[in-house]
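Welcome! Here are a few short exercises to work through, each followed by its solution. Have a look at the model before you begin.

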Amino acid sequence: MSERNDQFAENVAGKYFITKSCIGCTLCSVIDPANFMENTDEALAVGNCYVYKQPETEAEELLCEEAMDVCPADAIRNNGTSN
Ligand code: SF4
């Protein structure tokens with residue numbers, strides 16, 4: 001299975017996405033609230049985060065990279081493509 005197929009459906013289309021390895025620590029949404037958001041669906045036992053907006057500025061791009069580097073579950077991916 002490709003990592004693309006293992007991602008949360010909530011991720012907006014684009015090169016960054018969060019896979020189902022996410023443990024819901026919310027660190028990425030704290031580091032980069034402009035691009036990552038916690039899924040607050042109460043039906044979820046562990047609220048995952050997802051990419052709600054792809055980076056549009058160099059600053060946002062750097063924060064996405066930082067979040068990817070520090071994610072404890074190695075769940076954030078950048079596949080370099082637009083979808
Ligand atoms: S930092 Fe990683 S494990 Fe934590 S919420 Fe974000 S994607 Fe999930």
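The exercises below deal with one helix and two loop residues of this predicted model.

**Exercise 1.** Compare the span of helix 2 with the expected span.

*Solution.* Start by counting: helix 2 has 13 residues. Next, take the distance from its first C-alpha to its last, which is 19 Å. At 1.5 Å a residue, 18 Å is expected, so the two values are close, given that the expected span is 1.5 Å times one less than the number of residues.

**Exercise 2.** Find the buried residues of helix 2 and work out how they are arranged around its axis.

*Solution.* First, pick out the buried residues, under 20% relative accessible area: Glu60, Cys64, Ala67 and Met68. They cover an arc of only 100° around the axis, so they sit on the same side of helix 2. The general rule helps here: an α-helix has 3.6 residues a turn, so residues three or four places apart point the same way. Now turn to the face directed away from the buried side, where Glu58, Ala59, Leu62 and Asp69 are exposed. Finally, see what covers the buried residues: strand 1, helix 1, strand 2 and strand 4 are included.

**Exercise 3.** Locate threonine 26 and aspartate 74, and give the phi of each.

*Solution.* Begin with threonine 26, in the loop between strand 1 and helix 1. Its phi is near 70°, a positive value in a residue other than glycine. Then move to the loop between helix 2 and strand 4, where aspartate 74 lies. Aspartate 74 is not a glycine either, yet has a positive phi of about 50°. As a last step, check its exposure: with a relative accessible area of 47%, aspartate 74 is partly exposed.

How values were computed:
Residues numbered from 1 in each chain as written. Predicted model: local features only at pLDDT ≥ 70, side-chain atom pairs only at ≥ 80, totals over all residues. Heavy atoms only, no water. Helix = DSSP H or I, 4+ residues; strand = E, 2+ residues; numbered from the N terminus. Buried < 20%, exposed > 50% of the residue type's maximum accessible area, 1.4 Å probe, protein only. Arc of directions from axis to C-beta. Contact = heavy atoms within 4.5 Å.
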